[in-house]
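Let's take a walk through this fold, one piece at a time. Have the viewer open and follow along.

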Amino acid sequence: MTERDAYADLGATTQEAMDIAETSMDIVRTFVPDETLTDRLRQKAVHSTGDIEFQHLIRCQNDPVVAGARAVLDERPIVTDITMAKAGITGRGHDCPVRKAIGNGAELAAETGMTRTAAAVLELDKEGVYDGAIAVVGNAPTAALALCDCIENGTRPAAVVATPVGFVKAEESRKRVREIAEEYGVPAVTNVGKRGGSGLAAALTNELIHVASDVRNGDVDLANHE
Ligand SMILES: C/C1=C2N=C(/C=C3N=C(/C(C)=C4\N[C@@](C)([C@@H]5N=C1[C@](C)(CCC(=O)O)[C@H]5CC(=O)O)[C@@](C)(CC(=O)O)[C@@H]4CCC(=O)O)[C@@](C)(CC(=O)O)[C@@H]\3CCC(=O)O)C(C)(C)[C@@H]/2CCC(=O)O
């Protein structure tokens, strides 16, 4: 899918919007290689952060683009940690239900004192929501850590996109996601460093959706890619 098509999918159909989108991605491509599907996540990270160096901060394990695109094609749920990440995920080009964890587990949070986001993840996991889903954590480190506990206890998301941001537990939580992804063979995309956030998580997830569109259109064959 070209950036022009992707933006058309988002509803940005004016000439100027298309020109900006295409020019922007042309610039990104001059800095970021375009050889594998994984490179598309690196490009998207650079595109959404405006930081060329961000391509070196992305970490992929167990072919998250292939696994994520397959989950999109299978119309599996996309489950975000907070409202902002959910709001960033395109409504077009897929038929996946998109939901957020926050808002669930209020009683558990009140009883235990844990964060609302971690309690929300644990509550949804009890319902089996994360099995086969694309689990997206853009904000809350404790949500990423809770998701890791769920995976340790047998839950198997189709793919994890984890870019929680900040100074408290953010890097640690992404490191834990990488360890868990390694140990249990879960496809995952994370980043290193203090940066991250819901915008980045949503942009990376949208790229999984765009790859799925390319598969549908016959432009990409997942069997020949990593
Ligand atoms: C530690 C937290 C951080 N939140 C940041 C940035 C943003 N948070 C927004 C909003 C609206 C919400 N943040 C909560 C998730 C809230 N944020 C936290 C927690 C205190 C702990 C999370 C953790 O450490 O794992 C968390 C509270 C919780 O109990 O989980 C939120 C639930 C707070 C609340 O309303 O109770 C809430 C989400 C509500 C919802 O989705 O409906 C921002 C949108 C606020 C803003 O900037 O206006 C923003 C979003 C940034 C993003 O890209 O996602 C920080 C700064 C990342 C901070 C962690 C950094 C740090 O201090 O170390």
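Start with strand E1 and its partner, strand E6 (residues 188-191): these two run antiparallel to each other, joined by 4 bridges. To find the register, click on Arg 59, whose bridge partner in E6 is Thr 190. Keep in mind that you're looking at a predicted model.

Now zoom out to the sheet. It is an open one with 6 strands, and reading across it you get E1-E6-E5-E4-E2-E3, with mixed pairing. Which strands stand at the edges? Those are E1 (58-61) and E3 (98-100); each has a single partner strand, so one side of each is left without a neighbour in the sheet. On average, neighbouring strands here are turned by 15° against each other, if you ignore direction.

Next, head for strand E4, which pairs on two sides. Strand E2 (residues 78-80) pairs with E4 in the parallel sense over 3 bridges, and Val 79 has Ala 135 of E4 as its bridge partner. E5 is also parallel to E4, this time over 4 bridges, with Val 137 standing opposite Ala 162 in E5. The chain links E4 and E5 by way of helix H8 (residues 141-152), and the three together make a right-handed β-α-β unit.

What about the side chains of E4? In a regular strand, side chains alternate between the two faces of the sheet. In E4, Ile 134 and Val 136 sit on one side, Ala 135 and Val 137 on the other, and all four are buried, so both faces of this strand are covered (buried here means under 20% relative accessible area).

Helix H4 (residues 64-73) is worth a look at this point. H4 lies across E1, E4 (134-137), E5 (159-162) and E6, and runs at about 115° to E4.

Finally, leave the sheet and turn to a pair of helices, H2 (residues 15-31) and H3 (residues 37-49). Two packed helices are described by the angle between their axes and the distance between the axes. For H2 and H3, the axes come within 10 Å and cross at roughly 120°. That makes H2 oblique to H3, because angles of 65 to 115 degrees count as roughly perpendicular and those over 145 as roughly antiparallel. The crossing is right-handed. To see where H2 and H3 touch, pick out Ser 24, Met 25, Val 28 and Arg 29 on H2, then Gln 43, Val 46 and His 47 on H3: these residues make the contact.

Methods:
Residues numbered from 1 in each chain as written. Predicted model: local features only at pLDDT ≥ 70, side-chain atom pairs only at ≥ 80, totals over all residues. Heavy atoms only, no water. Pairing = 2+ DSSP bridges. Axes fitted to C-alpha atoms, helices over the stretch in contact; angles between N-to-C directions. Contact = heavy atoms within 4.5 Å. Buried < 20%, exposed > 50% of the residue type's maximum accessible area, 1.4 Å probe, protein only. Right-handed = clockwise from strand over helix to strand, strands pointing away. Parallel < 35°, antiparallel > 145°, perpendicular 65-115°, else oblique. Left-handed = near helix turned anticlockwise from the far one by under 90°.
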